[in-house]
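Subject: The structure we talked about

Hello,

Here is the structure I promised to pass on to you. Please have a look at it first, and then read my notes below.

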Amino acid sequence: MKSISLDITKAAQFLGAGAVEALEPQVQAAQEALENGTCAGNDFLGWLHLPSSVTPAFLDEVQACADTLRRQCDVVVVAGIGGSYLGARAVIEALGNSFAWLIQDKKNPVIVFAGNNIGEDYLAELTDYLKDKRFGVINISKSGTTTETALTFRLLKKQCEAQRGKAEAKDVIVAVTDARKGAARAAADKEGYKTFIIPDNVGGRFSVLTPVGLLPIACAGFDIKALVQGAADMEQATGVDVPFARNLAAQYAAVRQGLYTQAGKKIEIIANFQPKLHFIAEWWKQLYGESEGKEHKGIFPAACDFTTDLHSMGQWIQDGERSIFETVISVETPERELDFPADEENLDGLNFLAGKRVDDVNKMAELGTRLAHVDGGVPNIRISVPRLNEYYIGQLIYFFEKACGISGLVEKVNPFNQPGVEAYKKNMFALLDKPGYEADSKAIKERLANEQ
């Protein structure tokens, strides 16, 4: 079986000779700290050996639940935010038909994502869409009180019960939540929902290979066993004993930290030439942004879809401030073939492409862009994925997770907490007069009055 591959040559050339290799001791120390559990955030290392610890029996249980939802639902709504939905959506969008939402697919339910915003129009339109649908809900929340998800789940629960009856609704609502505590656990126990546990030692952004991601992915009809196997193989390929020269995660962590600390590159743009990878980039942005952006440090994670964004961001990337580097995810072989046709009149002047595969054109656009950006002073890292299937997506997920843990420790931050995320919540709850926030509410309202 092939593997994803990494090319850092067009990035390392922007550093001094041997600069990447010089970071090997720091990278190795970070890997050992992860392996030995001696690093900051060591109570959230459950993801590290998660792929190899997933049992066939557990995957069968997840699949059985998914099959129930698939039989009984035309639509499955996944309610979650951040790491509670991005990983699942990334995999489903990467593997699915780009126009699945327009196709009447009798084999697979429509997967809809909600609970990731507080848009009134969005939620009203969602509830309208579901009025004549047999729908079920996967509610993903450790606490059950995250505002966006809890608000959405309350709406969906009431609607599902009204349309299907309370007894039938119980069979198509699943809770992925804490093992013992929290509002979502209490509700699931009271109502008798099927439940899966979010492990205490796996943070949300690292949770795609837990039921958080596996259940929605299985509901969409994809092979979760192949996904986990790909991740398990990458776990082995990036282990602490794998030499630096063959360890993709170690190399990626080293070169990006070298570009950050030695070459002044503060922004990493993850780019792709395959539109199905848009939500892989969104998942990656959370993974790296929430893990590294601390103590006024951290590479800013951005994303572009090429060639689309070359017509909007291409000028800035080519000629703007030289504070950026690129990581390009390249898919070697598409799943479909489409040849470019000849045209007798040739009014568009494109007959020179006649007979070529569309992907041949795309690959030359990729190569031409890479050459132009490197020539323009943009270091370029290339990750090559053989195909878009479950196995290689599993490899890609674990590769990014492992490299993220290493990179954050080299940066000397705790990659596994997110203290800054709570600041907006505290202000929002105070402004909404949530019980327990009375003192904060008074202080904030006084501050706003003084600023007017």
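Lys 142 is partly exposed, at 30% relative accessibility. In this predicted model, the side chain of Lys 142 forms a salt bridge with Asp 200, and the closest N and O atoms are 2.9 Å apart. The two partners come from distant parts of the chain, 58 residues apart: Lys 142 sits in the loop between β4 (135-140) and α8 (147-164), while Asp 200 belongs to the loop between β6 (194-197) and α11 (211-219). Asp 200 also counts as partly exposed, with a relative accessibility of 39%.

Two other salt bridges may interest you. Arg 387 meets Glu 335 at 3.1 Å, N to O. This pair, too, links distant parts of the chain: Arg 387 lies in the loop between β10 and α17, Glu 335 in the loop between β9 and α16, and 52 residues separate them. Arg 387 has a relative accessibility of 31% and is therefore partly exposed; Glu 335 is partly exposed as well, with a value of 47%. Coming back to Lys 142 and Asp 200, salt bridges with shared partners join these two, Asp 178, Arg 180 and Lys 181 into one network. The other pair is Lys 297 with Glu 295, at 4.0 Å from N to O. Here Lys 297 is partly exposed, at 29% relative accessible area, whereas Glu 295 is exposed, at 58%. The count of salt bridges comes to 29.

Next, the strand that precedes the loop of Lys 142. How many of the six residues of β4 are buried? Six of the six are, so the strand is largely enclosed by the rest of the structure. Phe 135, Val 137 and Asn 139 point one way from β4, and Gly 136, Ile 138 and Ile 140 point the other way. That is what one would look for, because side chains in a regular strand alternate between the two faces of the sheet. As for its partners, β4 pairs in the parallel sense with β2 (residues 75-79) over five bridges, and Val 75 has Phe 135 as its bridge partner. β4 also runs parallel to β5 (residues 173-177), joined to that strand by four bridges, with Ile 138 opposite Val 174.

Val 75 turns up again in the surroundings of Val 110, a residue of strand β3 (residues 110-114). Leaving aside neighbours within four places in sequence, Val 110 is in contact with Asp 74, Val 75, Val 76 and Tyr 129. Val 77 is 33 residues from Val 110 in sequence, and their C-alpha atoms are 8.3 Å apart. With a relative accessible area of 28%, Val 110 is partly exposed.

There is also an open sheet of five strands, in the order β1-β10-β9-β7-β8 and with mixed pairing. Its edge strands are β1 and β8 (300-305), each of which pairs on one side only. From one strand to the next, the twist averages 20°. β1 and β10 are antiparallel and share three bridges, and Leu 6 stands opposite Ile 383 of β10. Helix α17 (residues 390-410) packs on this sheet, where it touches β1, β7, β9 and β10, and its direction makes about 145° with that of β10. Helix α14 (residues 278-292) lies across β7 (267-272), β8 and β9 and runs at about 175° to β8.

Finally, helix α16 (residues 358-375). At 1.5 Å a residue, its 18 residues should span 26 Å, and the end C-alpha atoms are indeed 26 Å apart, so the two values agree. Its buried residues are Asp 359, Lys 363, Glu 366, Thr 369, Arg 370, His 373 and Val 374. Why do they line one face of the helix? Seen down the axis of α16, they fall within an arc of 125°, so they share one face. They pack against β1 (5-7), α1 (9-12), α15 (314-319), β9 (324-331) and β10 (380-385). On the face turned away from the buried side are the exposed residues Met 364 and Asp 375. Just after the helix, Gly 377 takes a positive phi of about 95°.

Best wishes

Notes:
Residues are numbered from 1 along each chain as its sequence is written. This is a predicted model: local features need pLDDT of at least 70, side-chain atom pairs count only at pLDDT 80 or more; totals for chains, interfaces and linings use all residues. Side-chain values use heavy atoms; hydrogens and water are left out. Helices (H or I, at least four residues) and strands (E, at least two) are DSSP runs, numbered from the N terminus. The expected span of a helix is 1.5 Å times one less than its number of residues. Buried means under 20% relative accessible area, exposed over 50%, partly exposed in between (1.4 Å probe, protein chains only). The arc is that of the directions from the helix axis to the C-beta atoms. Contact means heavy atoms within 4.5 Å. Two strands pair if DSSP finds at least two bridges between them. Axes are lines fitted to C-alpha atoms, for helices over the stretch in contact, and angles run from 0 to 180 degrees between N-to-C directions.
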